[in-house]
Amino acid sequence: MDFKNLSKRTYIILGIVTLLILLVGVPAFVNYLMSVHVVKVYGDAPAWIGFLGTYIGSILSGAITLIGVLLTLKHSEKESKKAVNLAKAETRRAQLPTMIAHTEECIDIVYEFVEKIQEFEKVDISDLVKKPSERRNKFFTVDGDFLLTTTEKFVSLEDEFHKNKKLIRNHMVQIDEYAYQCYRRFEEEFRELYEYRIEPIENELIAFQGHIVSKYMNEYGDIITNMEVRLNSIVLEREDLLRFESILRKLKTAENKYITDLNDIHFELDNRLNQMLLRFSDEFSAK
């Protein structure tokens, strides 16, 4: 029998039956032992009747006392839990306006930043008529030494992102643990975005630079060793020129995907924030 699934009524019935067995069964058993003389009996019948009366009375008194104590403890525990839950609910309700305000501040910050990212997603019509390798990049470009560098627009956007990151993180900490974990997950996605989209191109450019230095050292050693002259002064052979143009095309594609993904992770953060705001608002308006 699975006692965990028994109802409260069943427990009461089992308790009453057990008590009746003790009250009736024990005296009957003792009487039987006295009558059949299985064991040697000391004392006469009146003495045993008195003993049984005391014995039964002790059992009843102990059972009643135990039941009273258990009921008192259960009632006290129930009232204590009710008081704790009520205190938590009142504390939570008092905190909700502040939590709602912090969430709304975060939504405003993210929304303004998303608008700026979307400006970079717009297609420059004048670039469409140019070769892919000659189209202007918005965030990342290649310098005269064939290394990846960032544009002023990206530096400005990145500075604003880090400023917003501190503001949002401070708000999230003051909301609750879930909100803070949510933003930490967003920061991780932001970091992984660069590693996934841009870092491979950056590594490919480093390898290409090493190839150029090694291959053209004999012919253009004066250019390569001169820190004031850029490596793009070297006249590249066709195969190297084609390789470089291929890297530029990859960078253009990777940058476009990076901007799209950047917008997506901010949109997802905005969606999570709005879900939190809706939950807090519903909780605050509930009676």
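**Exercise 1. Describe the place and the surroundings of H171 in the chain.**

Step 1. H171 sits in helix α3; helices (H or I, at least four residues) and strands (E, at least two) are DSSP runs, numbered from the N terminus. The model is predicted: local features need pLDDT of at least 70, side-chain atom pairs count only at pLDDT 80 or more, and totals for chains, interfaces and linings use all residues. Residues are numbered from 1 along each chain as its sequence is written, and side-chain values use heavy atoms, with hydrogens and water left out.

Step 2. The relative accessibility of H171 is 17%, so H171 counts as buried. Buried means under 20% relative accessible area, exposed over 50%, and partly exposed in between (1.4 Å probe, protein chains only).

Step 3. Not counting residues up to four places away in sequence, H171 touches H102, E105, C106 and I109. Contact here means heavy atoms within 4.5 Å.

Step 4. H171 and A101 are 70 residues apart along the chain, and their C-alpha atoms are separated by 9.1 Å.

**Exercise 2. Find which residues F161 touches, and state whether F161 is buried or exposed.**

Step 1. F161 is also placed in helix α3.

Step 2. With a relative accessible area of 5%, F161 is buried.

Step 3. Leaving out residues up to four places away in sequence, F161 touches F113, F186, F190 and H266.

Step 4. The C-alpha atoms of F161 and V110 are 9.5 Å apart, with these positions 51 residues apart along the chain counted as their separation.

**Exercise 3. Work out how α3 is oriented against α4 and against α6.**

Step 1. α3 and α4 pack at an angle of about 155°, and their axes are 7 Å apart. Axes are lines fitted to C-alpha atoms, for helices over the stretch in contact, and angles run from 0 to 180 degrees between N-to-C directions.

Step 2. This makes α3 roughly antiparallel to α4. Angles under 35 degrees count as roughly parallel, over 145 as roughly antiparallel, 65 to 115 as roughly perpendicular and the rest as oblique.

Step 3. On the α3 side the contact includes F161, I168 and M172, and on the α4 side it includes A179, Y183 and F190.

Step 4. For α3 and α6 the angle is about 20° and the axes are 14 Å apart. These two helices are therefore roughly parallel.

Step 5. The crossing of α3 and α6 is left-handed; that is, the near helix is turned anticlockwise from the far one by less than a right angle, whereas a clockwise turn would be right-handed.

Step 6. The α3 residues in this contact are F154, L157, F161, M172 and I175, and those of α6 include Y258, L262 and H266.

**Exercise 4. Determine how α5 and α6 pack.**

Step 1. The angle between α5 and α6 is about 165°, with the axes 10 Å apart.

Step 2. α5 and α6 are therefore roughly antiparallel to each other.

Step 3. α5 passes α6 in a left-handed crossing. Among the contact residues are L205, F208 and I212 of α5 and F244, I247 and L251 of α6.

**Exercise 5. Examine two loop residues, F146 and R230.**

Step 1. F146 lies in the loop between β1 and β2 (148–150). Its phi is positive, about 65°, although F146 is not a glycine.

Step 2. F146 is buried, with a relative accessible area of 3%.

Step 3. R230 is in the loop between α5 and α6 and, at 40% relative accessibility, is partly exposed.

Step 4. Apart from neighbours within four places in sequence, R230 is in contact with D143, G144, D145 and I223. R230 and D145 are 85 residues apart in sequence and 5.5 Å apart in space, C-alpha to C-alpha.

**Exercise 6. Describe the largest nonpolar core and the elements that supply it.**

Step 1. A nonpolar core is a set of buried Ala, Val, Leu, Ile, Met, Phe, Trp, Tyr and Cys residues joined through side-chain atoms within 4.5 Å. The largest one has 54 residues, and those with the most contacts inside it are F139, M172, I234, Y258 and L262.

Step 2. At least two residues each come from α2 (45–121), β1 (140–142), α3 (152–175), α4 (177–197), α5 (199–224) and α6 (238–285). The largest share, 14 residues, is from α6.

Step 3. M172 touches C106, A179, Y180, Y183, L269, L273 and M276, residues up to four places away in sequence not being counted.

Step 4. The chain as a whole has 6 helices and 2 strands, and buried residues make up 29% of its 287 residues.
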